[in-house]
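Subject: A structure to look through

Hello,

I am passing on a structure for you to look through, and below it I have written out what was found in it. Please keep the 3D view open while you read, so that you can follow each part in turn.

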Amino acid sequence: MDEFTPGREPVTLVELDQDFCQLTYGGPPCTAELGVTGPRKCYNVLATCQDPDNYTLDTLTLRFARAQAELPWHWQAIPSVQSVSTNPTEINPGGGNKDRSPLGSRAKVRVRFKDHPHSDFRVDPYRDERDYQPLERGTFWTKWLARNPYHRGRLMRIREGYIDQAPEDMKTRHYVIKEISGPDANGRVTIKGEDILSLTDISRAQAPRVTEGELASDISETADSLTIVNYRSSDDYPAPSDFEEGYGTVRISDEVIRYNSRSVNNGEITLSNLTRGADGSEADSHDAEDNVQLCLRYTGKEVWRVARDLLENYANIPAAYIPFTDWEAEADTWLAQFTVTTLITEPEGVQDLLGEITEQCQFFVWWDERDQEIKLKALRPPTEEPKQLDDYRHIKADSWARDIDDDQRISQVWVYYLQRDPTESLDEPTNYKRLRVRIDAQAEQPEKYDERKVKRIYSRWLESQAQAINVAARLLNRYRDGAKYLTLRLDAKDRELWTGDVADVQLWSLVDATGAPRLTRYQVISAEEVQPGETVEYDLLNYEFDVTSRFAYWMGEDAPSYTEASEEERSRSAAFWSDDAGQMPDGSTGYEWI
Amino acid sequence: MTVILSDGYLDNGIDGIAPWKSRILYDQIARRDDATVSASSTDSDEAYVDAPVSDQTWEWWRAASQPATWTVTTGSGVTVSAVGIAAHDIGSQGATVEVQRNGVTLLSHTPSDDAPIIFLFEPVNDTSFSIRLSGGDAPPRVGVCYIGQALSMIRPVQWSGHTPSRFNVNLTKRASTSERGQRLGTSIIREGFSVDFNVENLPEEWVRQEFEPFIRSAWRYGYFIAWRPMDFPEDADFTWSDEPIVPDNSGPGLPPRKGGDANGGRRMSVSWSARVYGGHVTGIPPWGAL
């Protein structure tokens, strides 16, 4: 049974991965002993462990389902799920939606369970040895929560499929547990999960990390060394050789100081061979006990490597969630020009920093709940054949709506770049050396929108005029006419379409000036199975690389002529000069630069 | 859904009540304080031995090897006239199930499906009752097994207006069509079955003595029911009631008359609804410690 089976029977499975010790009570190396280390055996979880030094972490997966008939035995699912509701990941390509972070919004899930008596089978390896009947003591969730207080951040999955379908073949979305509440007076328990990128929230992840060291004594504005005390770890102030630039950077008050030497002695760290008033700041004297904050510097670094560094090293997101080979393949082709240089002198939210670079370097990252990885995609023409959607075979009746967000329309993009003083305000125009302005004068004419709408970008990352021009042009191209949204629902048979994908849509209300149907290209900015296994709701945003456009690519020396080229070469991997009238030899439209 | 009847039951019924009248199995000797549950073996990867007593349809006992025996032993003799088995896959495994008293087979059955089975037989008194499973592809799973005395309804379930559970499926069906009217897909969600019972003209004294223990048991536990075991042996259900079963007085309420009906005009009627187990896992039963 699958999406295409008439009378398909949708099922929703919820899986939790709880911590579970892989040892047996009292079995080496576990030294627990009944009556000595505790009055009863543990439950193979840390909270009840009697030999924490030898606690050996493993995972126990618990599976739950909605209560319905004919769930297969081998699923071994507890049928206590009452409801599953989700808020999908929403991407914000180019940061065009001012109401959203440039990083978009995080996927969330909320699962409600009905609590119930439980035999403790599977969750208590020693249930047969207990001196009580588990079914008559507590409930599943009261016992589970008492034994598993450390559940935050553990993985959970929502599998949506059909009876007779193997769980691993179902559409599966991955989350981490944020909190578990309940049971309430009605025996309801709620688990809230969120996507892994929530670890980048400012409350959880900052870059650079805060450093608490203080000046041991007053220093003058010309001092060539300084001594730090009351730090947490000597690793807080790494040696110069640990930095790609060969020197470290700290901030004291409003002064940035570079150091080329570091020594650690008797609980004191001495930074010496200093460059005072570095990076556009002013040298100043400082007092004992002033905070010494380590700075984060990137110099000419590929922006996708910066994104990975922020995610892995500052948000502590496991590398397994970052398919960096895929990132590189995408970035090498589409983001090669975006090397960035910046100095961040005080702790800032990783999410904010990621938002800045995704907006200013024209890419986006998002948590793909289905593939359980953080994807990266440049704002670029589709290289895959877009999914074709029409109102005959795909779009569900009465399920769609179109909307235009005029607030997102822009006619000018001002890009400020090359920051003067990284200790000063980020959105102060005078704090930048360069400004690049791109104006769509036609759009501002009285016959058209008759309005000037400016988007300002203050970039501490961009380092060249070419980058600034590119960002301005792309943003203006995409939001020249505002953001055009389309919301629609598809039957589950079409649910392969997912966030970040591009689709060409034919709908009776999308027509050209003659009233003829006009195929319109959109990008999926969010997708949600509103009726699991039955109906998927999509939010789509107009895509700047339109259906009718052809985009130019540089070719190799052995490239064929237009007439000799294959259709694939003509459409996706090549470009050819048009004639003076912008026409190709076969009369088709010429190519565009991107 | 199958009712297996012994010859003696067919000849005489139980408790002198005609064999075609409804039987309810709510009694469970395994819940007695002096009862112990054991098995010839248990596949501990997915099963535990006392699962069939837990009243939960989503956990089960399964032997590690065949033939397999699951036994309830009591400290003193108990009377048993019925065995109910639900949430099993004996039919799927092609196995045979036998009801045994102290190792002696009373009845056996090789089901063709995994529907609930109710064995009804003349009451026997003993300290050990078992189900024995043999044959088939692999050891079957048994989620619910009741062993006890069946309640024989002194009056039949009203024929008129009764919908056998097999026809009363709780099914949600949703079909979707495209904007231009094409049929896109159809989904169904089955949540088991339900059934309503109506029994009238019950002697008030019988209700208090025989039926009330069942009412109280149904507050917490499930029960097997065969509404017409002889006429419709295929209508054997494992059910539970979300709401308490509440009988009403009926009739004129006159006191018993000498030489007449012992209950006189004191009659009671009872109607109740039940959710019917409709295949492996239909829900968290409403009873238990909550």
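In which strand of chain A is R112(A) found? R112(A) belongs to strand 4 of chain A, which covers residues 108-114. Please bear in mind, here and throughout, that this is a predicted model.

Is R112(A) buried, exposed or partly exposed? R112(A) counts as partly exposed because 15 other C-beta atoms lie within 10 Å of its own, whereas a buried residue would need 20 or more and an exposed one would have 12 or fewer. When its neighbours within four places in sequence are left aside, the residues in contact with R112(A) are Q82(A), S83(A), R188(A) and T190(A). You may also like to look at S181(A), which is 69 residues away from R112(A) in sequence, while the C-alpha atoms of the two are 9.6 Å apart in space.

Chain A as a whole comes next. It has 594 residues, of which 42% count as buried, and it contains 7 helices and 28 strands. Its C-alpha trace spans about 90 × 80 × 50 Å along the principal axes. Among the contacts in chain A with a separation of 6 or more, 67% are between residues 24 or more positions apart.

One sheet of chain A deserves a careful look: it is an open sheet of 6 strands in the order 9-10-13-12-11-14, and the pairing is antiparallel. Strand 9 (214-215) and strand 14 (293-294) of chain A stand at the edges, and since each has a single partner strand, one side of each is left without a neighbour in the sheet. Within this order, strand 12 (residues 255-265) and strand 13 (residues 268-275) of chain A run antiparallel and are joined by 7 bridges, and you can find Y259(A) standing opposite L274(A) of strand 13 of chain A.

Which residues touch the most other members of the largest nonpolar core? This core has 117 residues, and the ones in question are V303(A), A307(A), L310(A), V340(A) and I357(A). Helix 2 of chain A (residues 303-314) gives the most to this core, namely 7 residues. L310(A), setting aside its neighbours within four places in sequence, is in contact with A207(A), A315(A), V350(A), L353(A) and L354(A). There is also a second, separate core of 70 residues, which includes W61(B), V97(B), C145(B) and Y223(B).

Turning to chain B, the domain assignment gives domain 1 (2-152) and domain 2 (165-276), and the C-alpha centres of these two domains of chain B lie 23 Å apart. Each of the two domains puts 20 residues into the contact between them. On the side of domain 1 of chain B that touches domain 2 of chain B, there are 15 nonpolar, 3 polar and 2 charged residues.

Finally, how many residues does each chain give to the contact between chain A and chain B? Chain B gives 34 residues and chain A gives 39 residues. On the side of chain B that touches chain A, strand 11 (169-177) and strand 12 (183-203) of chain B each supply at least two residues, and the largest share, 9 residues, comes from strand 12 of chain B. By class, that side of chain B has 10 nonpolar, 15 polar and 9 charged residues.

With best wishes

Key. Residues numbered from 1 in each chain as written. Chains lettered and ligands numbered in written order. Predicted model: local features only at pLDDT ≥ 70, side-chain atom pairs only at ≥ 80, totals over all residues. Core = buried A, V, L, I, M, F, W, Y, C linked by C-beta atoms within 7 Å. Helix = DSSP H or I, 4+ residues; strand = E, 2+ residues; numbered from the N terminus. Contact = placed C-beta atoms within 7 Å. Nonpolar A, V, L, I, M, F, W, Y, C, P; charged D, E, K, R; others polar. Domains from an automatic or database assignment. Pairing = 2+ DSSP bridges.
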